[in-house]
Amino acid sequence: MRHPSDGTLRRLLDEPVGVADADREHVAGCPVCLSGLAAAEQDAAVATAALNAEFAADVDGGWSRLSQAVEDRKPARMPRAWRRTRLRSPVVAIFGVVVLLTGIGAAAATDWLQIFRTEQIAPVTAPEADLITLPDLSDFGAIQVTEKVHSHTVADADAARQATGLAAPAVGRLPHGVTGRPSYFVVDRVSAVFTFSAAKTAQMVARAGRTPPPAPPGLDGSKFRLVAGPVLAATWSAGRPVPALIVARAVAPTAYSSGVPYATARDYLLSLHVLPENVAAQLRGFSGEGTTLPLFATLEQSTHPADVGGTPATVLTSRDGTMAGVIWTDDGYVCAVAGSLRPDELLSVARGLRWDQ
Amino acid sequence: MVSGPPGRKPVRADLEQIFRSSYPRVVAVAARVLGSRDEAEDVAQEVFLTFGRSAVPAGEAMGWLSVAAAHTALNHLRSGRRRAVREEAADDGEAVSPDVADAVVTRDERRRVRAALARLPRRQAVVLVLRHSGLSYAEVAAALDLSPGSVGTTVRRAESALREELNRHAPSE
């Protein structure tokens, strides 16, 4: 019979009853397998010694600390939670869309009064408790989705190019452990029209126990059109339950106003005091021209700056470390590389990308 | 039970029960990666805070928490963002050594193990740490959506790679 695999030999050391009788009997009489078993045993012993970390955990102390941490989280300021798109795990197959729609969500949620064109991306970091209490856009008026999110897989790079009009990525060198040919999917353009309502805003501010200042002339009833996409994404999933690598490119989010200047709208939003102060302070720091897309992150440590071919980029790492992403803008496009890889591996992919027309 | 503030996503009602039964395992998983009790407990807090507001079924909690602890701890290693804290903790070590020479050796060994784990492919490192934290092959397989057969293969490869990494960076005699 064939020799059992190395994995079977290894399991024989830990859980012999989990190994088939035939395999056990073979190994007992096979010099080759016995030699393999001895090697496995030696390596296992090295690993056991290296990973030894025995001590008694302080369960009561740990629970006391956790209880305090839960209690210490700030109470909600607003009755509605803003459902953010963000890096999280377990990750679904549309992770690439999530990365790019993070920008769309951000534009819709906080830049809702800008005349906006994405030229750069800047992270806004705050405790999770603050970010999930950001008001929903519908607290300020009415949203009409004019082009819904619609994603679909396509046969190959040519079909993806044809569906989106975007260039397809060519990866110079795949990271270790990423194999096979990519699959492609596209997301059609999404758009929505938002109509500002001074009355609805006043109600929302009143629920937070405040009195809103009067809206600037012309703001009530103003319409804003938000547009993003299409998106083209290539994913490598071979041998993994979630994509190991996703490379995507999208037409950057843009917002159009029915006439209210960006600075007027931004200053009014900030005067409502409905945003957590640390978030508001970071948004105040953005330029008055409406070209910086905020990219929200839940922890201060979860983003850091980098560069991709001289272009400023933001590296995000998910809270549990299972996923990371790099996002940057390139001449009107938002580009992202993400996956279950280390940030340095993703940056290496990003820096080696070519976009084939 | 921990009650969350009004208007927030509620903290799950079974958090304390699951915490008390799982905390030693979660700390142990992180400690195998980090070699530091203090840091392992920090990781465990981070993991349980996330878990507390999750909808992970109770029956899958142990696996979920173990995987999250392994990934979070490996991420701490690889980011290097808390290196200074970690090495200070190693200096003050919870495992008090009988003399200074032993303490130095222990610290250097920890550093080598951490560096070796950081160089392993993530999947191998996670499987290795979970297995050496006492999860059975079936538990590792269920937590990572693998077949039990491939757990053995991955453990074997990981142990071989770990030994090679440790040998490659072994201190010269």
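Which residues in helix 6 of chain B meet which residues in helix 8 of chain B? In this predicted model, the helix 6 side of the contact consists of B:Arg123, B:Gln124, B:Val127, B:Leu128, B:Arg131 and B:His132. Facing them from helix 8 are B:Val151, B:Thr154, B:Val155, B:Arg157, B:Ala158, B:Glu159, B:Ala161 and B:Leu162. Sorted by class, this contact has seven nonpolar, three polar and four charged residues.

As for the geometry, two packed helices are described by the angle between their axes and the distance between the axes. Here the axes of helix 6 and helix 8 (residues 148-168) of chain B come within 8 Å and cross at roughly 100 degrees. That puts helix 6 of chain B roughly perpendicular to helix 8 of chain B, because angles of 65 to 115 degrees fall in that class.

One of the helix 6 residues in this contact, B:Arg131, also reaches across to the other chain. B:Arg131 forms a salt bridge with A:Asp14, and the closest N and O atoms sit 2.9 Å apart. A:Asp14 lies in helix 1 (residues 6-14) of chain A, while B:Arg131 belongs to helix 6 (residues 122-132) of chain B, so this pair joins two chains. The two partners are not equally covered: B:Arg131 is buried, at 15% relative accessible area, whereas A:Asp14 counts as partly exposed at 28%. The cut-off for buried is under 20%, which is why the two residues land in separate classes.

The pairing does not stop there. Salt bridges that share partners tie A:Arg10, A:Asp14, B:Arg131 and B:Glu159 into one network. B:Glu159, for its part, is among the helix 8 residues that meet helix 6 of chain B.

A second salt bridge between chains links B:Asp42 with A:Arg65, at 2.7 Å from N to O. This one runs from helix 2 (residues 37-52) of chain B to helix 4 (residues 59-72) of chain A. Both ends are partly exposed: B:Asp42 has a relative accessible area of 23%, and A:Arg65 has 38%.

There is also a pair that stays inside one helix. A:Arg161 and A:Asp158 form a salt bridge whose closest N and O atoms are 2.3 Å apart. Both residues lie in helix 7 (residues 157-164) of chain A, three residues apart, or about one turn of the helix. A:Asp158 is partly exposed, at 48% relative accessibility. Over all chains, the count comes to 19 salt bridges.

Note on methods
Residues numbered from 1 in each chain as written. Chains lettered and ligands numbered in written order. Predicted model: local features only at pLDDT ≥ 70, side-chain atom pairs only at ≥ 80, totals over all residues. Heavy atoms only, no water. Salt bridge = Lys/Arg side-chain N within 4 Å of Asp/Glu carboxyl O. Helix = DSSP H or I, 4+ residues; strand = E, 2+ residues; numbered from the N terminus. Buried < 20%, exposed > 50% of the residue type's maximum accessible area, 1.4 Å probe, protein only. Axes fitted to C-alpha atoms, helices over the stretch in contact; angles between N-to-C directions. Parallel < 35°, antiparallel > 145°, perpendicular 65-115°, else oblique. Contact = heavy atoms within 4.5 Å. Nonpolar A, V, L, I, M, F, W, Y, C, P; charged D, E, K, R; others polar.
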